[in-house]
Amino acid sequence: MLPQGRWVWGGYYDDRSLIWNSRWVGEDWIVESRDALAYPGEPDRAVLLRRITSMAGRSRLTILLEPGADYGRRFLSGWKCPDGVWEAKEAGLTARWFGASDANVERGPSGRSRLALHLDLRKGDHRDLV
């Protein structure tokens with residue numbers, strides 16, 4: 001997650017859990033992100049949950065998704081979003097992104113394909129991503 005403007009970041013785990021909380025404080029805004037690994041029900045699947053909430057002011061953020069396979073030696077390409085869910089397959093890995101149908105495919109600095117979701121949140125707004 002890349003907030004716009006000047007900011008300070010901090011984070012912590014909830015007690016006795018694998019839930020990670022991040023907090024970005026800007027000059028006139030605060031945004032929090034709560035991340036959790038959901039129980040997938042299958043041994044070959046990981047499900048990551050993220051809720052991004054604007055706590056104060058107007059938060060402008062860019063969320064980037066650039067998953068890789070083979071320990072970062074291969075990256076997904078060919079992103080498609082036919083039913084409001086982004087999907088790509090590569091090297092035996094399938095990735096799906098729910099909650100970001102308004103994201104765009106872009107090229108990162110390395111030239112690899114990635115998804116970029118630009119958010120403009122006001123106090124109390126949130127976005128759930130899976």
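This report describes the salt bridges and the largest pocket of a predicted model.

In this predicted model, local features need pLDDT of at least 70 and side-chain atom pairs count only at pLDDT 80 or more, while totals for chains, interfaces and linings use all residues. Residues are numbered from 1 along each chain as its sequence is written, and side-chain values use heavy atoms, with hydrogens and water left out.

**Salt bridges**

Side chains of opposite charge can pair when their charged atoms come close. A salt bridge is defined here as a side-chain nitrogen of Lys or Arg within 4 Å of a carboxyl oxygen of Asp or Glu, and by this rule the count comes to 12 salt bridges. The table sets out three of these pairs, with the distance between nitrogen and oxygen in each.

| Acidic residue | Basic residue | N to O distance |
|---|---|---|
| Glu-27 | Arg-6 | 3.0 Å |
| Glu-32 | Arg-23 | 2.1 Å |
| Glu-106 | Arg-114 | 2.9 Å |

The pair of Arg-6 and Glu-27 links distant parts of the chain, with Arg-6 in the loop between strand 1 (2-3) and strand 2 (7-13) and Glu-27 in the loop between strand 3 (20-26) and strand 4 (30-38), 21 residues apart. Strands here are DSSP runs (E, at least two residues), numbered from the N terminus.

How accessible the paired residues are can be described with three words: buried means under 20% relative accessible area, exposed over 50%, and partly exposed in between, with a 1.4 Å probe and protein chains only. Arg-6 is exposed at 65%, and Glu-27 is exposed at 62%. Glu-32 is partly exposed at 25%, as is Arg-23 at 36%. In the third pair, Glu-106 is partly exposed at 27%, whereas Arg-114 is buried at 14%. Elsewhere, salt bridges that share partners join Arg-58, Arg-60 and Asp-120 into one network.

**The largest pocket**

A pocket, on a 1 Å grid over the protein atoms alone, is an open set of points where a 1.4 Å probe fits, with protein on both sides within 12 Å along at least five of seven lines, and its lining residues have an atom within 4 Å of a point. The largest pocket has a volume of about 820 Å³, a volume being the space filled by probe spheres set on the points, which are joined across faces, edges and corners.

Its lining has 23 residues, of which Ala-46, Val-47, Leu-48, Ala-95 and Arg-96 lie nearest the centre of the pocket. Strand 5 (47-56), strand 6 (58-65) and strand 10 (93-97) are the elements that give two or more residues to this lining, and the largest share, 5 residues, comes from strand 10.

Definitions and conventions:
Helices (H or I, at least four residues) and strands (E, at least two) are DSSP runs, numbered from the N terminus.
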